Amino acid sequence: MEQTELVFIPSPGIGHLAATVEIAKLLTQRDRRVSVTVFIMKFPFESNGGMTSDSDSIRCVTLPSVEISSGPMSPGVFLTEFVKAHIPLVRDAVHELTRSNSVRLAGFVIDMFCTPMIDVADEFGVPSYLFFTSSAAFLGFMFHFQFLHDYKGLDFNEFKDSDAVLEVPSYVNSVPGKVFPSVMFDKEGGGTEMLLHHTRRFKQVKGIMVNTFVELESHAIQSFSGCKARPVYPVGPLLNIHVGSGGAQQDANAIMSWLDDQPPSSVVFLCFGSMGSFGVDQIKERAHGLEHSGQRFLWSLRQPSPKGRMGFPSDYANVKEVLPEGFLHRMAGTGKVIGWAPQVAVLAHPAIGGFVSHCGWNSILESIWYGVPIATWPMYAEQQINAFQMVKDLGLVVEIKIDYNKDSSYIVSAREIENGLKNLMNMNNEARVKMKEMQKISRTVMIDGGSSHFFLGQFIEDMIANIPCKQQSET
């Protein structure tokens with residue numbers, strides 16, 4: 001049987017890659033004519049292995065390493081140049097893929113930071129689609145930001161670190177400048193133009209799949225209803241709930257064994273994503289807040305990469321060096337400080353009663369899936385605006401901070417942390433009730449009759465209809 005081939009190009013990083021493999025699985029399971037090749041780009045400082053799939057209809061191909069010109073550049077500019085450097089490799093790999101007469105190339109599905117690959121799709125005469133791994137509300141924010149900048153001449157610097165608010169169609173409430181992604185204000189480092197460039201190119205795709213579901217973001221999804229040329233398909237929640245990554249199995253076993261000994265819904269889990277790390281002053285303040293709160297806790301504590309070097313946080317050789325004196329001894333019967341954490345497995349454990357999170361979109365969806373209430377502690381990228389949406393628009397989470405930024409000198413106080421933890425673990429708070437209700441809904445949207453099931457089918461229909469006539473005539 002002739003296969004309809006989609007080429008997926010995710011951004012590097014496990015969060016983007018895992019969601020990409022999950023949507024590839026859904027597409028190939030839903031329609032046996034569809035096969036997928038995922039081209040994986042790995043950062044030079046990544047040590048973990050590539051992603052694999054147990055499906056015969058999905059191939060994961062790790063591209064060869066590339067060299068990026070040396071010299072100082074912002075993370076956003078580095079990522080753009082990194083993706084561009086892979087264009088010749090992707091072009092050659094797709095040429096090889098299409099040599100077979102049994103393959104009908106249907107299009108490229110690109111990540112939000114991989115828009116340079118639209119040019120490669122154009123060379124092959126096939127359409128591009130966007131797979132957006134953050135919220136529909138933030139997608140709408142990016143479009144609105146680009147429109148106001150390009151057509152209204154709005155200077156966004158007036159919003160920096162400000163309580164000034166902006167009406168954004170994809171959000172219920174006006175959005176304060178203090179939760180805008182900091183990259184919007186990075187004119188000198190090129191981050192502002194990078195964000196604008198990607199958003200302009202979003203308008204060249206045939207459709208946008210978003211890792212969300214209608215019932216979670218009904219207002220945001222509705223804000224796209226007038227866009228017929230570039231439909232939005234909410235197809236989530238797309239979660240890799242079966243495996244962890246990056247840590248030793250013996251560490252995971254020790255963590256799960258400790259949780260097994262804790263009462264149901266009694267433990268606060270503190271974990272801040274693959275890039276989550278803090279300075280010593282903030283670590284000590286958090287430790288005091290935890291101690292004063294009286295809550296049981298599991299704290300994933302990791303050290304930053306060396307100053308001036310790009311890289312992921314790593315485990316401390318000795319956490320006693322950064323914690324208050326005697327903290328581990330005093331907390332021995334109450335909490336556990338760890339390095340890497342198998343986040344999905346931890347959230348799924350019945351002992352977990354709350355999650356202090358950086359509010360990355362994958363982490364939010366995982367919390368909803370397992371019905372674990374969140375307390376917000378965003379750090380970078382779009383996490384502040386995610387936290388704002390969850391607290392103000394949806395009322396699904398409680399606030400420790402929504403405007404914290406890892407690059408600022410602000411220290412969240414022990415009192416703020418203590419109050420946030422007590423609110424999070426209040427079994428009667430409204431956010432906890434809403435989270436449990438949303439959990440039930442999230443388990444139904446992917447099955448037959450659910451909203452995301454419908455939109456996935458709609459995407460497949462539209463994708464088949466969009467295959468160029470030349471490709472169709474070869475069948």
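Are F272 and W377 buried or exposed? In this predicted model, both residues are buried.

The two side chains belong to the aromatic pairs, of which the count comes to 27. The ring centres of F272 and W377 lie 5.9 Å apart with the planes at 80°, and because an angle over 60 degrees counts as edge-to-face, the pair falls in that class. The contact links distant parts of the chain, 105 residues apart. F272 sits in the loop between β10 (267–271) and α9 (280–293), and W377 in the loop between β16 (374–376) and α13 (383–393).

F454 and F455 also form a pair: the centres of their rings are 5.2 Å apart and the planes stand at 80°, so this pair is edge-to-face. Elsewhere, ring pairs join F132, F138, F141, F143, F145, F156, F159, F180, F185 and F202 into a cluster.

Two arginines lie over aromatic faces. R286 is placed over the face of F278, at 4.1 Å from the ring centre. R443 is placed over the face of W369, at 4.2 Å from the ring centre.

The strands β10 and β16, which precede the loops of F272 and W377, both belong to an open sheet of 6 strands. Its order is β14-β11-β10-β15-β16-β17, and the pairing is parallel. β14 (335–338) and β17 (398–399) are the edge strands, each pairing on one side only. Strands of a sheet pair through backbone hydrogen bonds. β10 pairs with β11 (residues 296–300) in the parallel sense over 4 bridges. The bridge partner of V267 in β11 is R296.

Technical notes:
Residues numbered from 1 in each chain as written. Predicted model: local features only at pLDDT ≥ 70, side-chain atom pairs only at ≥ 80, totals over all residues. Heavy atoms only, no water. Phe/Tyr/Trp six-rings, centres within 6.5 Å; stacked < 30°, edge-to-face > 60°. Helix = DSSP H or I, 4+ residues; strand = E, 2+ residues; numbered from the N terminus. Buried < 20%, exposed > 50% of the residue type's maximum accessible area, 1.4 Å probe, protein only. Lys NZ or Arg CZ within 6 Å of the ring centre and 35° of its normal. Pairing = 2+ DSSP bridges.
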